[in-house]
Amino acid sequence: MANERENYWFIAVVTPNTEKASREKLEKLIADLNKEKKYNESVDEKKRVISYVPIQREMHEWPSTGKRVWVDRVICPCYVFIRCSDADRYYIACRAKFIHHFLMDRARINKDGRNDFARIPSDQMEAFQRMVGDGETPVTIDPTKLHLGTKVRVKSGRLAGMEGHLHREPNGSSMIAITINFLGSARIDYPIELLELAEQ
């Protein structure tokens, strides 16, 4: 059973193509909430309410003109991630009319005997944020339940120390994959020579 005062990552569902705008509105609401709870810069970062939309900058080429432009790609369409307590999630849900609902965990039952809200552990979200922020190739979300292979650790580069599971594409390229509860797996191409076995 989840502790109502602890902070978890919840998944808010918003209208397609409004993820960034929803996050901007949410940031104003969160600022009011943090002020109301007297959260200031001296408060432990892990207790503060924050939001996140995973975005990667990519070069796109238009086939008709050959024109190349940089675009921001939202990795998880319709989702805004919010780290907060159950009480803060309720506060946000009551005031953020642009949030349709929060994703539910059909396998978890709350104290009232109903399905509980989906929660993503902090370590999974931290690894995902690092993959999105520091990865040098596009991150993809695979919602299928992958049969992941050997647990590996990145030896060098900007993702050094990150652990995940080795995955092979049909073309033979190697990828490192991390599991993210309720989303599936985030994967990124990574040279096999930069990976080492991690302790199981």
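Reader: What makes strand E3 (residues 55-61) and strand E4 (residues 68-74) count as a pair?

Author: In this predicted model, seven bridges join E3 to E4. Pairing asks for at least two bridges between the strands, so E3 and E4 qualify with their seven. The two run antiparallel. As one example, Glu58 has Val71 in E4 as its bridge partner.

Reader: Which residue takes a positive phi in the hairpin of E3 and E4?

Author: That is Gly66, with a phi near 80°. The hairpin has six residues between its strands.

Reader: How do you know that strand E2 stands at an edge of its sheet?

Author: The sheet is open and has four strands in the order E2-E5-E1-E6, with antiparallel pairing. Strand E2 (50-52) and strand E6 (99-102) each have a single partner strand, so one side of each is left without a neighbour in the sheet. On average, neighbouring strands here are turned by 30° against each other, direction ignored.

Reader: What makes E2 and strand E5 (residues 79-84) a pair?

Author: They are joined by three bridges and run antiparallel. The requirement is at least two bridges, so three bridges are enough for E2 and E5. Among the partners, Ser51 is matched with Ile82 in E5.

Reader: Which strands of this sheet does helix H3 (residues 122-134) touch?

Author: H3 packs on the sheet and touches strand E1 (8-14), E2 and E5. The direction of H3 makes about 50° with that of E2.

Reader: Which strands does H3 touch in the sheet of six strands?

Author: There, H3 packs against E9, E12 and E13, and its direction makes about 140° with that of E12. That sheet is open too, ordered E9-E13-E12-E11-E10-E14 with antiparallel pairing. Its edges are strand E9 (140-142) and strand E14 (195-197), each with a single partner strand, so one side of each lacks a neighbour in the sheet.

Reader: How many bridges support the pairing of E9 and strand E13 (residues 184-189)?

Author: Three, in the antiparallel sense. With a threshold of at least two, E9 and E13 therefore count as paired. Thr140, for instance, has Arg187 as its bridge partner in E13.

Reader: Why is the pair of Phe10 and Phe102 called edge-to-face?

Author: Five aromatic pairs turn up in a search of the whole structure. For Phe10 and Phe102, the ring centres are 6.4 Å apart and the planes stand at 85°. Centres must lie within 6.5 Å, and planes over 60 degrees apart count as edge-to-face, so this pair meets both conditions. Phe10 lies in strand E1 and Phe102 in strand E6, so the pair ties together parts that are 92 residues apart in sequence.

Reader: What makes up the lining of the second largest pocket, by class?

Author: It has three nonpolar, four polar and three charged residues. Gly counts as polar, so Gly164 of the lining goes into that class. Asp123, Lys151 and Glu163 are also in the lining. H3, strand E11 (163-168) and strand E12 (174-180) each supply at least two lining residues, and the pocket's volume is about 180 Å³.

How values were computed. Residues are numbered from 1 along each chain as its sequence is written. This is a predicted model: local features need pLDDT of at least 70, side-chain atom pairs count only at pLDDT 80 or more; totals for chains, interfaces and linings use all residues. Side-chain values use heavy atoms; hydrogens and water are left out. Axes are lines fitted to C-alpha atoms, for helices over the stretch in contact, and angles run from 0 to 180 degrees between N-to-C directions. Contact means heavy atoms within 4.5 Å. On a 1 Å grid over the protein atoms alone, a cavity is a set of points where a 1.4 Å probe fits but cannot get out, and a pocket is an open set with protein on both sides within 12 Å along at least five of seven lines; lining residues have an atom within 4 Å of a point. Grid points are joined across faces, edges and corners, and a volume is the space filled by probe spheres set on the points. Rings of Phe, Tyr and Trp (its six-membered ring) pair if their centres lie within 6.5 Å; planes under 30 degrees apart count as stacked, over 60 as edge-to-face and the rest as tilted.
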